[in-house]
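Visitor: I should like a close look at a single part of this model, namely its open sheet. Please describe how the strands are arranged and what lies around them.

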Amino acid sequence: MAGDGQATLGEAVVFKSKSVKVRRIGNGNIIAGFAGAAADGITLIERLEAKLEKHANQLKRAAVELAKDWRMDKYLRQLQAYMIVADKDVSLVLNGTGEVMEPDDGIIGIGSGGNYAMAAAKALYDVEGLSLEEIAQKAMKIAGDIDIYTNHNVIIEKV
């Protein structure tokens, strides 16, 4: 999973490289990333960690429980973020409408540059000799070249 380091406030860049949008959670075997409002994304990651503790690090179960809360809870419903979570078996996208989606190929993109990075990763996936980490790095570079809200300061976490 890869995330850039840029944070924006409206149309202004607040941090060009300091934002950490991808991190290990739970027992260290799960990676979570977010796009959208930083405080909202961090809040959601903390809520997911609590669900993981409650459900013995079962990622799908914890993600579904978080999505239900996110959709139903008056406070959580106001959070403006998307999440990607992954372990060695599954990659999921979560949002505030209660969606928990699992892509067929495991390639996901969220945020302003998400579609660019996802398209690039899909195109690079079949290139022989490229590791998944190299694909993620190249895809994020392409997204950063195209999208003004995505930069080249990339953090990559792998399971």
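Guide: Five strands make up an open sheet, ordered 4-5-6-7-8, with antiparallel pairing; two strands count as paired if DSSP finds at least two bridges between them. The model is a predicted one, in which local features need pLDDT of at least 70 and side-chain atom pairs count only at pLDDT 80 or more, while totals for chains, interfaces and linings use all residues. Residues are numbered from 1 along each chain as its sequence is written, and side-chain values use heavy atoms, with hydrogens and water left out. Strands (E, at least two residues) and helices (H or I, at least four) are DSSP runs, numbered from the N terminus.

The edges of the sheet are strand 4 (22–25) and strand 8 (100–101); each has a single partner strand, so one side of each lacks a neighbour in the sheet. At one edge, strand 4 is joined to strand 5 by four bridges, and the two run antiparallel. Within this pair, Arg 23 is placed opposite Ala 32 of strand 5. The hairpin of strand 4 and strand 5 has four residues between the strands, and Gly 26 adopts a positive phi near 60° there. At the other edge, two bridges connect strand 7 (residues 91–94) with strand 8, again in antiparallel fashion. Here Leu 94 faces Val 100 of strand 8. As a general point, side chains in a regular strand alternate between the two faces of the sheet.

Helix 2 (residues 59–72) lies across strand 5 (30–36), strand 6 (81–86), strand 7 and strand 8, and runs at about 5° to strand 7. For such angles, axes are lines fitted to C-alpha atoms, for helices over the stretch in contact, and the values run from 0 to 180 degrees between N-to-C directions.

The loop between helix 1 (38–54) and helix 2 holds His 55. With 10% relative accessibility, His 55 counts as buried (under 20% relative accessible area, against over 50% for exposed and partly exposed in between, with a 1.4 Å probe and protein chains only). Leaving aside residues up to four places away in sequence, His 55 touches Arg 61, Ala 62 and Glu 65, where contact means heavy atoms within 4.5 Å.
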